[in-house]
Structure formats: C-alpha cells, structure tokens
Amino acid sequence: MSRDQIGDEGVRVLSEAIKQNNSLRTINLDNNALTDVGVAHLCGALRCHPSVTSLSLNSNNIHPGGARLLADLLCHNTVLRTLEVGCMPGLVDGNYLGDAGCQILGDALKRNTTLLHLALQRNNITIDGFTELIVAMRN
C-alpha cells in the first residue's frame, strides 16, 4: 500500500482488519500521509500481533509523539524484526522524529531483544541523537 495516501482514517480502518489477520507478515505504508494519529491506530493493532515481522512507515509525517507510540510497541511486541521510519528511496522527505524521537526509540531498544533492523534516515536527527541511540543499543 505504498504511496496510496490513505492517511490516518485509512489506517484506522486497516488496523481493524490487521487485528483479524494472523498470517500477515509485512506492512508497508510508506508515503501515505500518516501522522502520529495513524501510528496510534497501527500500534494498537500490532501491540500483540502474532505474525507481523516487518513494518515500513517511511516518508510520512511522524513526529516524536509517533516515536513514543512505536517505542511502546517495541516494548510489547515480540515478533517485529524490521522497523523503517526513514525516507523512501528517491524522495527528499522522511519523517520528523528528530533527536527526541531517536532517544525515545533508543530507550525502547534497551528492553526490546527482537528488532534486527531500524531505519531512521532523513529524520532531522543530529549527531547527539544518534549518539543517544548508540549508547542505548550498547546497554
């Protein structure tokens, strides 16, 4: 569903369907005009989902509030292996997590032992934010 511009309302409807589907493995909602509101719907559906291992939310409109929701997801979901909240190839804009969002995700990684891939490119993260992330991953 990449580049479909379904927005937060579309994700709300999709999240209800995701709750009913235990065989789904990958969700790609890149470039769909999602905000933190849409992330909240999606995280609610995935919190204890038994099969989704890859979630891609590149090039949306996700801010530190969305990072907080994703961090909570990482603390409860034990099957997610890939999380992408960066920028799609060929596009200029990623998301807007910034240093605050990076630190929030880093704190969640201290407790999460299953995530193997995290993409954060083009999120207005400075060296300070990435340093916090690295420190968190070492602990």
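Helices here are DSSP runs (H or I) of at least four residues, strands are runs of E of at least two, and both are numbered from the N terminus. With those labels in hand, welcome to a set of exercises on this predicted model.

**Exercise 1. Place Arg122 and Ala33, and say what is unusual about their backbone.**

Step 1. Find the two residues. Arg122 sits in the loop between β4 and α5. Ala33 belongs to the loop between β1 and α2.

Step 2. Look at phi. For Arg122 phi is positive, about 55°, although the residue is not a glycine. Ala33 also has a positive phi, near 60°, and is a residue other than glycine.

Step 3. Recall the background. Most residues other than glycine have a negative phi.

Step 4. Ask how open Ala33 is. Its relative accessible area is 39%. Buried means under 20% and exposed over 50%, so Ala33 counts as partly exposed.

**Exercise 2. Describe the sheet, strand by strand.**

Step 1. Write down the order. The open sheet has 4 strands, arranged β1-β2-β3-β4, and the pairing is parallel.

Step 2. Find the edges. β1 (26–28) and β4 (117–119) are the edge strands, each pairing on one side only.

Step 3. Check the twist. From one strand to the next, the twist averages 0°.

Step 4. Zoom in on one pair. Strand β3 (residues 82–84) runs parallel to β4, and 3 bridges join them. Within that pair, Leu83 has Leu118 of β4 as its bridge partner.

**Exercise 3. Work out how α2 packs on α3, and which residues do the work.**

Step 1. Know what to look for. A pair of packed helices is described by the angle between the axes and the distance between them.

Step 2. Read off both values. α2 and α3 pack at about 5°, and their axes are 9 Å apart.

Step 3. Classify the angle. Angles under 35 degrees count as roughly parallel, so α2 is roughly parallel to α3.

Step 4. List the residues. From α2 come Asp36, Val39, Ala40, Cys43 and Leu46, and from α3 come Gly65, Gly66, Leu69, Leu70 and Leu73.

Step 5. Sort them by class. This contact has 7 nonpolar, 2 polar and 1 charged residues.

**Exercise 4. Do the same for α3 with α4.**

Step 1. Take the geometry. The angle is about 5°, and the axes are 8 Å apart. The two helices are therefore roughly parallel to each other.

Step 2. Name the partners. Pro64, Ala67, Arg68, Leu70, Ala71, Leu74 and Cys75 of α3 meet Ala100, Gly101, Ile104, Leu105, Ala108 and Leu109 of α4.

Step 3. Sort them. The contact of α3 with α4 splits into 11 nonpolar, 1 polar and 1 charged.

**Exercise 5. Move on to α4 with α5, then follow Gly106.**

Step 1. Take the geometry. α4 and helix α5 (residues 127–138) pack at about 0°, their axes 8 Å apart. So α4 is roughly parallel to α5.

Step 2. Name the partners. In α4 they are Asp99, Cys102, Gln103, Gly106, Asp107 and Leu109; in α5 they are Asp128, Gly129, Phe130, Glu132, Leu133, Ala136 and Met137.

Step 3. Sort them. The residues of this contact are 6 nonpolar, 3 polar and 4 charged.

Step 4. Pick out Gly106, which lies in α4. Its relative accessibility is 0%, so Gly106 counts as buried. Beyond four places in sequence, Gly106 touches Leu133 and Ala136.

Step 5. Take one long step in sequence. Gly106 and Leu55 are 51 residues apart along the chain, and their C-alpha atoms are 17 Å apart.

**Exercise 6. Find your way around the largest nonpolar core.**

Step 1. Begin at the best-connected residues. The core has 32 residues, of which Leu55, Leu57 and Leu70 touch the most other members.

Step 2. See which elements take part. α1 (7–20), α2 (36–46), α3 (64–76) and α4 (98–109) each give two or more residues.

Step 3. Follow Leu57. Leaving out residues up to four places away in sequence, Leu57 touches Leu29, Asp30, Leu34, Leu42, Ile62, Leu70, Glu84, Val85 and Asn95.

**Exercise 7. Is Val11 buried or exposed, and which residues are in contact with it?**

Step 1. Locate Val11 in helix α1.

Step 2. Check its surface. The relative accessible area is 0%, so Val11 is buried.

Step 3. List the contacts. Setting aside neighbours within four places in sequence, Val11 is in contact with Ile6, Leu29, Leu34, Gly38, His41 and Leu42.

Step 4. Look along the chain. Asn21 is 10 residues from Val11, and their C-alpha atoms are separated by 15 Å.

Key
Residues numbered from 1 in each chain as written. Predicted model: local features only at pLDDT ≥ 70, side-chain atom pairs only at ≥ 80, totals over all residues. Heavy atoms only, no water. Core = buried A, V, L, I, M, F, W, Y, C linked by side-chain atoms within 4.5 Å. Buried < 20%, exposed > 50% of the residue type's maximum accessible area, 1.4 Å probe, protein only. Contact = heavy atoms within 4.5 Å. Axes fitted to C-alpha atoms, helices over the stretch in contact; angles between N-to-C directions. Parallel < 35°, antiparallel > 145°, perpendicular 65-115°, else oblique. Nonpolar A, V, L, I, M, F, W, Y, C, P; charged D, E, K, R; others polar. Pairing = 2+ DSSP bridges.
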